[in-house]
Amino acid sequence: MSFTVHGLAVSRGIAIGRAVIVASSRMDVAHYFVKADQVDAEILRLRHARNAVIEEIERVQGSLGELGSNDAHPELSALLDVHLMLLQDEQLTSGVKHWITHRHYNAEWALTTQLEVIARQFDEMEDPYLRERKADLEQVVERMLRYMRGVASPVAAPAPAGAAGKGETLFDPTVDVPLVLIAHDLSPADMLQFKQSVFAGFVTDVGGKTSHTAIVARSMDIPAVVGARSASHLINQDDWVIIDGDAGVVVVDPSPILLAEYGFKQRQGEVERERLSRLKNTPAVTLDGQKIELLANIEQPEDAVGALKAGAVGVGLFRTEFLFMGRNGQLPDEEEQFSAYRRAVEGMQGLPVTVRTVDVGADKPLDRSPVRAGEDHLNPALGLRAIRWSLADPAMFLAQLRAILRAAAFGPINLLVPMLAHASEIRQTLALVDKARAQLDARGQVHGPVRLGAMIEVPAAALTIPLFLRYFDFLSIGTNDLIQYTLAIDRADEAVSHLYDPVHPAVLHLLASTISQCRAQGKGVSVCGEMAGDVTMTRLLLGLGLRSFSMHPSQILAVKQQILRCDTTKLATWAQTVLAAEDPAALMAD
Ligand code: PEP
Ligand code: MG
């Protein structure tokens, strides 16, 4: 039966495909397709894993018997019997075979998919004893996965999901069923893997519009809905699903009429993109002749390709923290970072690249487990995040600064510092930049000049702009955090997402005054939060005097289209009325 689930629209477009439900804990399981002639070998790989686990359990049972302890541990022995029974269960074996044979999933993916199917059935059982057997099933599957991790795949590189090289197509056209991922949650680190995986869209139960998971989805330009509450429970494995990333709606098991309607919308979207692509080489100039700078936000050096393709005139924000995530605490060293920044700079072919120093913490934990033991009462958004994290570990920060300064010898770099609020933080940061440069000189290593910039994303910073202008060459307004901290709304929490208001008068005043103070002093100012790529905000930002916007490459052409239709002199007058209004949102459509 068809039904809809509502969430937050975070990344535009329509995706139609079959649901793949993935538990948060199994996001790192490899997801790739095997070729038709590899199906038998993949089934064999699975059988080997199952047999190995059966042998392992039988060995344990045997040793209990030898010790004469079978009677002493009747519960343990019974548990092992249950595990053996589950491993031989027909529903597990035949289900997994089905996913490999008919969908060409790799063995690990097929196994976890079938686990989700059976786990649902356990969840629905009345008998609490039977319901609890779900944990046993999870344990045996985990054992099989562990075994498979230790054995090389004979049929395909068992790369972790998304670890395949860019450009390598993981989607097997012989199977030709688009897949959409449904998960309770996805961390920004998961999203990085997701970037190169097989999915055409995704839905999560949790998350806000400017959560980093949503931001990465936008950068990938795939339809996504977050904050869809219980979607991962309501949707079943393999259900047909439509993701409407424009409306924030997920249609499950759609009727043929709905499928046709959304198929039509999908094609319309493609036509619209095609039309916009013609603007790529058109200069972004308003009707009254104001030149507007359109820059790209990137997460990885390779994203520079997409930035150039979209017609960006530089990178306004390189979120370097994505180089630090999902590495089990093994941070990238100076050489690895230098190579990444150099690739980004060279990729931009002489256009400037704004490299932001690492911003981990809050909803960007280094690894998937965000909360450390005993710290679940703390609010990470107000904790050791961004520049605070960097200043707490000067050796790590100096390595990053040296890597950036060295890359600056290969092309123009702006060095941007996130979340500054205090004069003391500014002074410490700049002293460390000087120290990094001195260290490179002492080593006799080549480095280049950088322009220094600060992000304005804490109200305390927005209220002390003269201080920032004294020390920095340019400012970049991070509206995602500026809104979060001004309105006391966690940007990742869907429960308060209705209060996350980019045009709240307080936010607009901080924006307007930051822009006008920078302009008055002839200093560069740009917006690099999600607001810059939101076409419904373009007129207002232009009216407030903004001339530099940094956004996901996928948004650049749509924003340019808006700019080409605008007259900034008229917008300046209108923006003043919006600024003075009690309810600015009501005037936005004027
Ligand atoms: C912002 O806060 O607006 C910003 C661009 O930084 P991030 O989204 O990475 O926190
Ligand atoms: Mg920020």
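Trainee: Which way does helix 3 pass helix 4, left-handed or right-handed?
Mentor: Helix 3 passes helix 4 in a right-handed crossing (the near helix is turned clockwise from the far one by less than a right angle; anticlockwise would be left-handed). Helices here are DSSP runs of H or I with at least four residues, numbered from the N terminus.

Trainee: What sort of model is this?
Mentor: It is a predicted model, where local features need pLDDT of at least 70, side-chain atom pairs count only at pLDDT 80 or more, and totals for chains, interfaces and linings use all residues. Residues are numbered from 1 along each chain as its sequence is written, chains are lettered from A and ligands numbered from 1 in written order, and side-chain values use heavy atoms, without hydrogens and water.

Trainee: Back to helices 3 and 4. What is the angle?
Mentor: About 130° between helix 3 (residues 90-103) and helix 4, with the axes 8 Å apart. Axes are lines fitted to C-alpha atoms over the stretch in contact, and angles run from 0 to 180 degrees between N-to-C directions. Helix 3 and helix 4 are therefore oblique to each other; under 35 degrees counts as roughly parallel, over 145 as roughly antiparallel, 65 to 115 as roughly perpendicular and the rest as oblique.

Trainee: Which residues touch?
Mentor: Among them are Leu92, Val96 and Trp99 of helix 3 and Leu111, Val117 and Ile118 of helix 4. Contact means heavy atoms within 4.5 Å.

Trainee: How does helix 4 sit against helix 6?
Mentor: Helix 4 (residues 107-123) packs on helix 6 at about 175°, with their axes 10 Å apart. The two are therefore roughly antiparallel. Leu111, Leu115 and Phe122 are among the helix 4 residues that meet helix 6, whose side includes Leu137, Val141 and Met148.

Trainee: And helix 2 with helix 6, at what angle do they cross?
Mentor: The axes of helix 2 (residues 74-87) and helix 6 (residues 133-149) cross at roughly 70° and come within 10 Å. Helix 2 and helix 6 are therefore roughly perpendicular. The contact includes Leu79, Val82 and His83 of helix 2 and Arg133, Asp136 and Val140 of helix 6.

Trainee: New topic. How many residues surround ligand 1?
Mentor: 17 residues surround ligand 1 (a heavy atom within 4 Å). The closest are Arg319, Arg356, Gly478, Asn480 and Arg491.

Trainee: Which backbone atoms lie by its oxygens?
Mentor: A backbone N or O atom of Asn480 lies 2.8 Å from an oxygen atom of ligand 1. For a polar backbone atom of Thr479 the distance to a ligand 1 oxygen is 3.1 Å, and for a backbone N or O atom of Gly478 it is 3.4 Å.

Note on methods. A polar contact is a pair of N or O atoms within 3.5 Å; within protein, one must be able to donate a hydrogen and the other to accept it, and residues adjacent in sequence count only if both atoms are side-chain atoms.
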